[in-house]
Amino acid sequence: MPLEVDCKNAHIIIDSQAGFEAQALTRWQDRLKCLFREPRELLQYLQLPESLADPLPADFPLRVTREFASRMRKGDHRDPLLRQVLPIADERLEVSGYGIDPLGERQALAGQGLLHKYRSRILLVMTGACAIHCRYCFRRHFPYAEQKHLPQHWDSLLAHLASSPAVNEVILSGGDPLMLSNESIRQIIRDLRQTQVKTLRIHTRLPVVLPQRVDQGLLDALHSFDGRCVVVVHANHPREIDAETGNALRHLGTRATVLNQSVLLKEINDSAEVLSGLSETLFGYGVLPYYLFQLDAVAGAAHFQVTDEVARSLMQQLSALLPGYLVPRLAREIAGEPSKTLISF
Ligand SMILES: *Cc1c(COP(=O)(O)O)cnc(C)c1O
Ligand code: SF4
């Protein structure tokens, strides 16, 4: 009899025949079967009226883990975690200057999945899948396929590395590269060990939205890399970090330098109190802030935009509240620039 997953109670019901060993099976993968995919279902769970959701089906549909949803406040339609994932009618507003591909990456990403924009580092799109769909995501319009194994273009990526001696860092991105199996990650690391790459960086939201992803197999895989590992997680609000997530981040920290990047989002984290709380909460688990991004002008996300003026003022307040190492760098990405562009304040 197959394992049955009890989504509501966040634990696996084990068939007695399968016994205890089965309990240790890829639990994070089972939890992925429990994602909320229907706005109606999520709103019911949060004791909110179904009418809050956009009635039209979105081309980038709702997707959120139960773990992340469990940190939302029941009965609060303005909850900052809910606002990050619930499709609303505002997304269909056409706002001039907001396009489907603000960074001109669509072609590169749909093709071989490699972005070599900055001299020393290349970014690889390993998979289009994510465990959560963030409404402000600049990749929301990309037509890439979900992938659970090494991408077909992996060999050509290795060939590109061989012919690009200035590259010393490889960034695994997506989608979420930790949607790949531990076996695939071990394979990637085995291959990278044969190259000049000194730093392996992973950009992922999974440790935050599904802390079970940080399992022993992943920690062992990272340990097998002989260079440095950097994991850049993505959290925007301190309530995203509960004890279980904190624990996962701490474990990651035993194998990698763990940093956080956030996106500045209107009515979600556009306050010095929230942003300083985020830095302090993460630091409690050994995570340091990296970037605070100004939103890319992606169609459907204009209602999240915070002005540069407000962003600068927030940074001044943050700098007064926090030690320098807990203040993220305010930045944006400008197509064609040789690095991220810092915004001074
Ligand atoms: C953001 C980004 C990087 C990483 O830039 P850092 O400033 O080192 O974090 C690398 N490649 C691409 C294409 C990027 O968009
Ligand atoms: S997890 Fe990252 S890549 Fe995936 S939807 Fe959210 S912001 Fe976009």
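**Entry 1: Glu267.** I began with Glu267, which I found in the loop that joins strand E8 (257-263) to helix H11 (272-283), in what is a predicted model. I looked up its backbone and noted a phi near 60°, a positive value in a residue other than glycine. I then checked its cover: Glu267 has a relative accessible area of 40%, and because the class of partly exposed residues runs between 20% and 50%, I entered it there.

**Entry 2: Gln47.** I turned to a residue with a backbone angle of this kind, Gln47, whose phi is near 60°, again positive in a residue other than glycine. Gln47 sits in the loop that runs between helix H2 (39-45) and helix H3 (66-69). Is Gln47 buried or exposed? I read a relative accessible area of 59% for Gln47, so with exposed meaning over 50% I wrote it down as exposed.

**Entry 3: the surroundings of ligand 2.** I next listed the residues around ligand 2 and wrote down Cys130, Ile132, Cys134, Cys137, Gly175, Arg205 and His234. Sorted by character, this shell holds 4 nonpolar residues, 2 polar ones and 1 charged one. I also noted that the space which ligand 2 takes up is the largest pocket.

**Entry 4: Gly175.** From the shell around ligand 2 I picked out Gly175, one of its residues, and placed it in the loop between strand E5 (169-174) and helix H7 (182-192). The peptide bond that leads from Gly174 to Gly175 is cis, and I recorded its omega as near 15°.

**Entry 5: Pro289.** I then looked up Pro289, which belongs to strand E9 (residues 288-293). Its relative accessibility is 14%, and since buried means under 20%, Pro289 counts as buried. Which residues does Pro289 contact, leaving aside its neighbours within four places in sequence? I found Asn260, Ser279, Tyr325, Leu326, Val327 and Pro328. I also followed the path from Pro289 to His234, a residue around ligand 2: the two are 55 residues apart in sequence, while their C-alpha atoms are 9.8 Å apart in space.

**Entry 6: the whole chain.** Last, I stepped back to the chain, in which I counted 12 helices and 11 strands. Of its 345 residues, 53% are buried, and its exposed area comes to about 15900 Å², with carbon and sulfur atoms supplying 51% of that. Among the contacts with a separation of 6 or more, 80% join residues that are 24 or more positions apart.

Terms used: Residues numbered from 1 in each chain as written. Chains lettered and ligands numbered in written order. Predicted model: local features only at pLDDT ≥ 70, side-chain atom pairs only at ≥ 80, totals over all residues. Heavy atoms only, no water. Helix = DSSP H or I, 4+ residues; strand = E, 2+ residues; numbered from the N terminus. Buried < 20%, exposed > 50% of the residue type's maximum accessible area, 1.4 Å probe, protein only. Contact = heavy atoms within 4.5 Å. Areas by Shrake-Rupley, 256 points an atom, 1.4 Å probe, with all protein chains shown as cover. Near = heavy atom within 4 Å. 1 Å grid on protein atoms, 1.4 Å probe; cavity = no way out; pocket = protein on both sides within 12 Å on 5 of 7 lines; lining within 4 Å. Sits in = over half its atoms within 2 Å of the grid points. Nonpolar A, V, L, I, M, F, W, Y, C, P; charged D, E, K, R; others polar.
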